[in-house]
Amino acid sequence: TMPGFNDSGAHITNMAFFDTNLMSLKLAQQRSLQTVSTMIKRLTREPAEFFGLEAGSLEIGAQADITLMDPEVLRNWDSNETRQLLYRELFQHNQMVNRPEGVVTRVLIKGETVWCDGAVTEVLGTQPLGRALRAA
């Protein structure tokens, strides 16, 4: 089974929120480093291969989309404690979100840091970083 889509942010319909990817890594971490390695492959390379995308691996010449996490913060994360209902003016609607602070410490897109220490950087939205993916 391929891990399902989740946006790690919010659902406008206020369905119960569960961050599948982070929880998968947390559960893998409880088993072994080898299980973490396997889970990372399941969350990155395998979906990319399934959809025929040139993504999901760290190789010379690859785009360098990278997410760095703090393993101790992940180990101590309780998803029930970080779930909250926030009003979003943009949607004029409450959204259920789950934002585990400190688990993800840095995100790079195309080698550029777009998230660091709990905040977006000036790079995000000011220059092209990713690329549109063609439909299969």
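## Helix 1 and its surroundings

In this predicted model, the cover over the buried residues of helix 1 includes helix 2 (33-43), strand 2 (66-69) and helix 4 (71-76). Let's look at what is being covered. The buried residues of helix 1 are Leu22, Met23, Ser24, Leu25, Lys26, Ala28 and Gln29.

How far apart are the end C-alpha atoms of helix 1? They lie 17 Å apart, which agrees with the 16 Å that the twelve residues should span, because each residue is taken at 1.5 Å.

Next comes the nonpolar core. The largest one has six residues, namely Leu22, Met23, Leu25, Leu74, Trp77 and Val103. Helix 1 (residues 20-31) gives the largest share of this core, three residues.

Leu25 is a good residue to click on. Neighbours within four places in sequence aside, Leu25 is in contact with Val36, Met39, Ile40, Leu43, Met69 and Leu74.

Strand 2 also takes us to the sheet. Strands of a sheet pair through backbone hydrogen bonds, either parallel or antiparallel. Here, four strands form an open sheet in the order 2-5-6-7, and the pairing is antiparallel. Strand 2 and strand 7 are the edge strands, each pairing on one side only. Between strand 2 and strand 5 there are four bridges, and these two strands run antiparallel. One bridge partner can be named: Ile66 is matched by Leu108 in strand 5.

For quick selection, here are the residue ranges of some strands:

| Strand | Residues |
|---|---|
| Strand 2 | 66-69 |
| Strand 5 | 104-109 |
| Strand 7 | 119-120 |

Notes: Residues are numbered from 1 along each chain as its sequence is written. This is a predicted model: local features need pLDDT of at least 70, side-chain atom pairs count only at pLDDT 80 or more; totals for chains, interfaces and linings use all residues. Side-chain values use heavy atoms; hydrogens and water are left out. A nonpolar core is a set of buried Ala, Val, Leu, Ile, Met, Phe, Trp, Tyr and Cys residues joined through side-chain atoms within 4.5 Å. Buried means under 20% relative accessible area, exposed over 50%, partly exposed in between (1.4 Å probe, protein chains only). Contact means heavy atoms within 4.5 Å. The expected span of a helix is 1.5 Å times one less than its number of residues. Two strands pair if DSSP finds at least two bridges between them.
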